[in-house]
Amino acid sequence: MNPFKRLTGIVAPLDRSNVDTDAIIPKQFLKSIKRTGFGPNLFDEWRYLDRGEPGVDCSSRPLNPDFVLNDARYQGAQILLARDNFGCGSSREHAPWALDDYGFRVIIAPSFADIFFNNCFKNGLLPIVLPNETVDKLFQEATGEQALELTVDLETQTIALPNGEDISFEVDEFRKHCLRNGLDDIELTLQHVDAINAYEARRKQTAPWLFTQ
């Protein structure tokens, strides 16, 4: 998992509430478990004018000119700004995979669905919860003629605006540690590989019948 420490990036304002995981990555794309390759189909039904299918080259598909990710101002955006209850619906881990594969590292919203929120941290994304009035202000800034660029600092837990203002956010200390060091569940477990191997060696001595074929 890629570590997250500090990011300066463009904000893409997705002005919708209750964005569910089927909208983030539609069900027909869930056949793969490689964690990569989902970016071109992120928000597929909103982003394109035709129906997307696995294996189709998205570069020649007709784009929806009214969808935010197709706006030239937001090309290369790494911060997604959304409304309440982002990531609701089914618990598919493909949703954070698709967001990450597209290039997003930070998602800002007033609230998130619990399972999606947890899956973000497990996949190197930083979901930030901010009050509605703060999110409203960011939407106003992000939908102007020029794209809004923010600097998100995980160490100080602040978001720096272009005018010099800082916005503070909360993050669980353990999740912060994992993000800063790029540790997913497997990598956390492998930190104890010596203890695991020693335990297995002891069990082979004390309960050898467990290891017979």
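What is the volume of the largest pocket? In this predicted model, the largest pocket has a volume of about 160 Å³.

**The pocket**

Begin by selecting Phe29, Gly37, Asn41, Pro54 and Gly55, which are the closest to the centre of the largest pocket among the 14 residues that line it. By residue class, the lining of this pocket comprises 6 nonpolar, 6 polar and 2 charged residues. Rolling a probe the size of a water molecule over the atoms shows where empty space is left.

**The sheet**

Next, display the strands. An open sheet is formed by 7 strands, with mixed pairing and the order E4-E3-E2-E1-E5-E6-E7. Select 126-129 for strand E4 and 166-168 for strand E7: these two stand at the edges, and each has a single partner strand, so one side of each is left without a neighbour in the sheet. On average, neighbouring strands of this sheet are turned by 30° against each other, direction ignored.

**Strand E1 and its two partners**

Strands of a sheet pair through backbone hydrogen bonds, either parallel or antiparallel. To view both senses, select strand E1, residues 6-13. Add strand E5, residues 149-153: E1 and E5 run antiparallel and are joined by 5 bridges. A position to label here is Gly9, which stands opposite Leu150 in E5.

Then add strand E2, residues 79-81, which pairs with E1 in the parallel sense over 3 bridges. For this pairing, label Val11 and Ile79, since Val11 stands opposite Ile79 in E2.

**Two packed helices**

Which residues should be selected for helix H3 and helix H4? Helix H3 covers residues 94-102, and helix H4 covers residues 114-122. Two packed helices are described by the angle between their axes and the distance between the axes. For H3 and H4, the angle is about 50° and the axes are 9 Å apart. H3 is therefore oblique to H4. Finally, inspect the handedness of the pair: the crossing of H3 and H4 is right-handed.

Note on methods: Residues numbered from 1 in each chain as written. Predicted model: local features only at pLDDT ≥ 70, side-chain atom pairs only at ≥ 80, totals over all residues. Heavy atoms only, no water. 1 Å grid on protein atoms, 1.4 Å probe; cavity = no way out; pocket = protein on both sides within 12 Å on 5 of 7 lines; lining within 4 Å. Points joined across faces, edges and corners; volume = space filled by probe spheres on them. Nonpolar A, V, L, I, M, F, W, Y, C, P; charged D, E, K, R; others polar. Pairing = 2+ DSSP bridges. Helix = DSSP H or I, 4+ residues; strand = E, 2+ residues; numbered from the N terminus. Axes fitted to C-alpha atoms, helices over the stretch in contact; angles between N-to-C directions. Parallel < 35°, antiparallel > 145°, perpendicular 65-115°, else oblique. Left-handed = near helix turned anticlockwise from the far one by under 90°.
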